[in-house]
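Student: I should like a close look at a single part of this model, followed outward to the residues around it. Please give one connected account.

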Amino acid sequence: MPAYWAPSTDNVVLDRYEVYRVDAGGALTRVGEVYQNPPGRTSTQVSGLTPNTTYTFVVRARDEAGNWSALSPPVTVTTLPPPPSCAVHTVVRQRSDGFVAYLAVENTGTTAVNGWTMTWRFWASQELRALWGAQVVDRPNNSYLRVRNTGHNAVIRPGGTVSLGVVATGTQVPEEVTLNGGICVVADK
């Protein structure tokens, strides 16, 4: 989740920025730094954060003379929840001009999924003929098909399933399936 600050200005060349996480008691922990020599790098990535947790960060700048700026105003962000655990069970019927696939998407995690986006490998040579139980979002890189829930099937309770179906050309059935970024186990029925 990106957080942004305005650049620092000084009468001496800027050396670096330091990014700090602020804990509940106000203590600072340095979690990143961005050196400005050579110039060009303007970001850092903070790792080791817990999903679905709120964090507060501040930044300060240092010039080449060793002077530190005041701490920036704090920025508070909440990390995304963990991707769901899922399994996709498929029933495929081959046809002379392609296939029909029925997919049962099971939430194998312990929390409900409320709104979902699913992707799977869908080759450039394939043509989608019909889809039910989901709506097409796009075809990123022309190698995947991305779909999302319809209004009635947005929530998948733990242990629950939603069903959708696909009619497409070719012989490549859904594989490399993800649900909200989490990799699903795919099994044929």
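Are Cys 86 and Cys 184 buried or exposed?

Tutor: Both are buried: Cys 86 is, and Cys 184 is as well. The model is a predicted one, and the account below should be read accordingly.

These two cysteines form a disulfide, with an S to S distance of 1.8 Å. A search of the whole structure finds 1 disulfide. The link of Cys 86 and Cys 184 is left-handed, with -95° about the S-S bond. Cys 86 belongs to strand β5 (residues 86-95) and Cys 184 to strand β15 (residues 182-188), so the pair ties together parts that are 98 residues apart in sequence.

Strand β5 also holds Arg 95. With a relative accessible area of 41%, Arg 95 is partly exposed, because that value falls between the limits of 20% for buried and 50% for exposed. Neighbours up to four places away in sequence aside, Arg 95 touches Val 100 and Val 167. From Arg 95 to Ala 168 the C-alpha to C-alpha distance is 9.7 Å, although 73 residues separate the two in sequence.

The nonpolar interior comes next. The largest nonpolar core has 22 residues, and those with the most contacts inside it are Val 105, Trp 116, Met 118, Trp 120, Val 147, Leu 164 and Leu 179. Two or more residues of this core come from each of β5, β6 (98-107), β8 (117-121), β11 (144-148) and β13 (161-168). Another core, of 10 residues, lies apart from it and includes Val 34, Phe 57, Ala 61 and Val 77.

Met 118 shows the surroundings of one residue of the larger core in detail. Not counting residues up to four places away in sequence, Met 118 touches Val 105, Leu 145, Arg 146, Val 147, Leu 164, Val 177, Thr 178 and Leu 179. Of these, Val 105, Val 147, Leu 164 and Leu 179 are named among the residues with the most contacts inside the largest core, as is Met 118.

Thr 119 is placed in strand β8. Its relative accessibility is 14%, so Thr 119 counts as buried. The side chain of Thr 119 makes a polar contact of 2.5 Å with the side chain of Thr 178. Beyond four places in sequence, the contacts of Thr 119 are Leu 145, Arg 146, Glu 176, Val 177 and Thr 178.

A second buried polar residue is found in strand β6, where Asn 107 lies. Asn 107 has a relative accessible area of 0% and is therefore buried. A polar atom of the Asn 107 side chain lies 2.9 Å from the backbone oxygen of Ile 156. With neighbours within four places in sequence left aside, Asn 107 is in contact with Ser 85, Ala 112, Val 113, Ile 156, Arg 157, Pro 158, Gly 159 and Gly 160.

Aromatic rings complete the picture. The whole structure contains 2 aromatic pairs according to the search. Arginine residues also lie over tryptophan faces: Arg 60 is over the face of Trp 68, at 3.8 Å from the ring centre, and Arg 121 is over the face of Trp 123, at 4.4 Å from the ring centre.

To return to the starting point, the buried cysteines 86 and 184 join strands β5 and β15, and β5 is also one of the elements that give two or more residues to the largest core.

Conventions. Residues are numbered from 1 along each chain as its sequence is written. This is a predicted model: local features need pLDDT of at least 70, side-chain atom pairs count only at pLDDT 80 or more; totals for chains, interfaces and linings use all residues. Side-chain values use heavy atoms; hydrogens and water are left out. A disulfide is a pair of cysteine sulfur atoms within 2.5 Å. Helices (H or I, at least four residues) and strands (E, at least two) are DSSP runs, numbered from the N terminus. Buried means under 20% relative accessible area, exposed over 50%, partly exposed in between (1.4 Å probe, protein chains only). Rings of Phe, Tyr and Trp (its six-membered ring) pair if their centres lie within 6.5 Å; planes under 30 degrees apart count as stacked, over 60 as edge-to-face and the rest as tilted. A charge sits over a ring if NZ of Lys or CZ of Arg is within 6 Å of the ring centre and within 35 degrees of the ring normal. A nonpolar core is a set of buried Ala, Val, Leu, Ile, Met, Phe, Trp, Tyr and Cys residues joined through side-chain atoms within 4.5 Å. Contact means heavy atoms within 4.5 Å. A polar contact is a pair of N or O atoms within 3.5 Å; within protein, one must be able to donate a hydrogen and the other to accept it, and residues adjacent in sequence count only if both atoms are side-chain atoms.
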